[in-house]
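Trainee: Could we go through this structure together? I would like to start with what counts as a contact.

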Amino acid sequence: TVSVVLYTADLRVHDHPPLRAALEGAHEVLPVFVRDPAVDRAGFAAPNRLAFLADCLVDLDRALRERGGRLVLRQGDTVAEVRALVRQAEADEVHMAGGATAFARARQERLRRALEEDGRRLYVHDGVVDVVAPGDVTPQGSDHFAVFTPYHRRWSGEPVRTPLRAPGAVRVPADVRSEPMPRRSSVADVSPGLARGGESEGRRRLASWLAGEGDSYEQGQDDLAGDATSRLSPHLHFGTVSAVEAVHRARRRGGAGAEAFVRQLCWRDFHRQVLAARPAAATEDYRPRHDRWRRGPEAEADLAAWREGRTGYPVVDAAMRQLAHEGWMHNRGRLITASFLVKTLYVDWREGARHFLDLLVDGDVANNQLNWQWVAGTGTDTRPNRALNPLLQGKRYDPEGAYVRRWVPELAGLGMPELHEPWRVTGPGRTALNYPEPVIGLSEGLQRFRRGRGLV
Ligand code: FAD
């Protein structure tokens, strides 16, 4: 007998319940990944993620080959490709991880129906991509938690399954055609500082991070220059690191840093359960505030300045340039730049979310759209109208200015307080900086936001 394992956002061999279940029930397994043009059409195939994905597929194929198997790569409609493979290999069942987006859920249901028509079964496994699956914990009277703190309390009390070992041997039917594995180098327009993908790299990062910097994480997680967060987000997005295993290992390690890290993983599940219950929140306000977002040429120009990292606010520009260079941005930078776009420039959060999704290697519908909504105050933040002051944020989270100096080199020669307030520099020194004036005054921006939202 043959079982198919359909890989999606779970590109690993360690702690992989669908692979384990397939191996238990069958003589041979067929591990498959489908490059589906529908994903590209939906705008999620950004170059940084495609390059990282190429690393992941190559590494997964290598891990399966080490065990006697291989990865089968196909191109086309996922349902049609899997159905054809199932027929060809005379497989009995298909195993895959459960998804949270409307796209993933619709694909899952289409596949289930197609397989049933052929008398085959689809098994969807929870707890592969997330720790606690959407809908597993709910508050009384609702299908999802809308506030993080009570969700975190419930989530923390849930049992977490023991991580599974990687299988020793994987036997794959010989006569199944595969596309060649993609190469990272064949993807154009990739950020020059993009991290490497793949399970081997993800596991290395998890281990070294838990062994080393995990301790300073609690105090250091907001320090922009310290860069003390795990940088596991792309690995969690592509599933090259299992969230269940990360929670287990962090808890085993113990300490305040590890606990704070586990709490961040809970945020990930929190947003997933909101999106699964309210799929429209990917594009529509979760809690409408009836904003009158700015549109037109002036708003377009401000948006362009924000994208390009030339707003005249050093910490905002530093973070936007980090995003362009690495395809990744520090969480504090994401909060500052998102708040600046939405509340200081009063530009629709969807514009910012789209730009982030174009570049972020960890760009994820649930995490990106719902974090943007959180910052915009149209989501789950219980203080929807607060705005972050980029000047105070810069002084607080980049007190030595090392982050700004790194990403905005034209300001590197300035001391404090000018580094965070370059407009204090006057005369010829100002022109020589070759750095823009602020696109708008902070209080002016805030007043416009408050008027637009009908708060004054
Ligand atoms: P760590 O601090 O080491 O945290 C560990 C893991 O916890 C992360 O890898 C991530 O999986 C999860 N996590 C941490 N913070 C959050 C959070 N606020 N919400 C959900 N999960 C979290 N994260 C994404 O993975 N994809 C996105 O597209 C994304 N877009 C964002 C957009 C905005 C406007 C904001 C404010 C945040 C966004 N985040 C997103 C959340 C967060 O910024 C990143 O997960 C984090 O910076 C990744 O770095 P790290 O792996 O070093 O995080």
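Mentor: Two residues are in contact if their C-beta atoms, placed from the backbone, lie within 7 Å. Please also keep in mind that what you see is a predicted model.

Trainee: Okay, so which residues is V32 in contact with, leaving aside its neighbours within four places in sequence?

Mentor: With those neighbours left aside, V32 is in contact with V4, V5, L6, Y7, V72, R74, V82 and L85. V32 is also among the residues with the most contacts inside the largest nonpolar core, together with V4, V5, L30, L57 and V82.

Trainee: How many residues does that largest nonpolar core have, and which helix gives the largest share?

Mentor: The largest nonpolar core has 118 residues, and its largest share, 10 residues, comes from helix α3, which covers residues 47–66. As a general point, nonpolar side chains in soluble globular proteins tend to be buried together.

Trainee: Does UniProt say anything about that end of the chain? What feature is placed at residues 1–130?

Mentor: An unreviewed UniProt entry places the feature "domain: Photolyase/cryptochrome alpha/beta" at residues 1–130. In the model, that span is 48% helix and 22% strand, and its end C-alpha atoms lie 30 Å apart.

Trainee: And how is the chain divided into domains?

Mentor: The division gives domain 1 at 2–129, domain 2 made of 130–160 and 199–277, and domain 3 at 297–452. The centres of domain 2 and domain 3, taken over C-alpha atoms, are separated by 26 Å.

Trainee: How many residues are in contact between domain 2 and domain 3?

Mentor: There, 17 residues of domain 2 are in contact with 18 residues of domain 3. On the side of domain 2 that touches domain 3, the elements giving two or more residues are α9 and α11, and α11 gives the most, with 5 residues. The residues of that side divide into 8 nonpolar, 4 polar and 5 charged.

Trainee: Switching to the ligand, where does it lie, and why?

Mentor: The ligand lies between domain 2 and domain 3, because both of these domains give residues to the shell around it. In total, 28 residues surround the ligand, and the closest are T229, S230, N331, N368 and N371.

Trainee: Which helices supply at least two residues of that shell?

Mentor: Each of α9 (233–238), α11 (256–277), α14 (331–344) and α16 (365–376) supplies at least two residues of the shell around the ligand, and the largest share, 6 residues, comes from α11. By residue type, the shell divides into 11 nonpolar, 12 polar and 5 charged.

Trainee: I noticed Q221 while scrolling. Where is Q221 found, and why does it count as partly exposed?

Mentor: Q221 is found in the loop between α8 (217–220) and α9, and it counts as partly exposed because it has 18 C-beta neighbours inside 10 Å. Leaving aside neighbours within four places in sequence, Q221 is in contact with A228, T229 and A260. Q221 and N331 are 110 residues apart in sequence, while in space they are 8.4 Å apart, C-alpha to C-alpha.

Trainee: What about G197, is it buried or exposed?

Mentor: G197 is buried, with 26 other C-beta atoms within 10 Å, and it is found in the loop between α6 (148–157) and α7 (199–211). Not counting residues up to four places away in sequence, G197 touches F52, L53, D55, C56, P234, F238 and T240.

Trainee: One last topic, the backbone. Which residues other than glycine have a positive phi?

Mentor: R231 is one of them, with a positive phi of about 55°, and H290 is another, with phi near 55°. R231 has its place in the loop between α8 and α9 and is partly exposed, with 16 other C-beta atoms within 10 Å. H290 is found in the loop between α11 and α12 (297–308) and is exposed, with 9 other C-beta atoms within 10 Å.

Trainee: Why point those out, and what about peptide bonds?

Mentor: They are pointed out because most residues other than glycine have a negative phi, and most peptide bonds are trans. Here the peptide bond from M416 to P417 is cis, with omega near 5°, and P417 is found in the loop between α18 (402–407) and α19 (428–433).

Conventions. Residues numbered from 1 in each chain as written. Predicted model: local features only at pLDDT ≥ 70, side-chain atom pairs only at ≥ 80, totals over all residues. Near = placed C-beta within 6 Å. Helix = DSSP H or I, 4+ residues; strand = E, 2+ residues; numbered from the N terminus. Nonpolar A, V, L, I, M, F, W, Y, C, P; charged D, E, K, R; others polar. Domains from an automatic or database assignment. UniProt positions renumbered as here; feature names shortened; annotations may be inferred. Core = buried A, V, L, I, M, F, W, Y, C linked by C-beta atoms within 7 Å. Buried ≥ 20, exposed ≤ 12 C-beta atoms within 10 Å, placed from the backbone.
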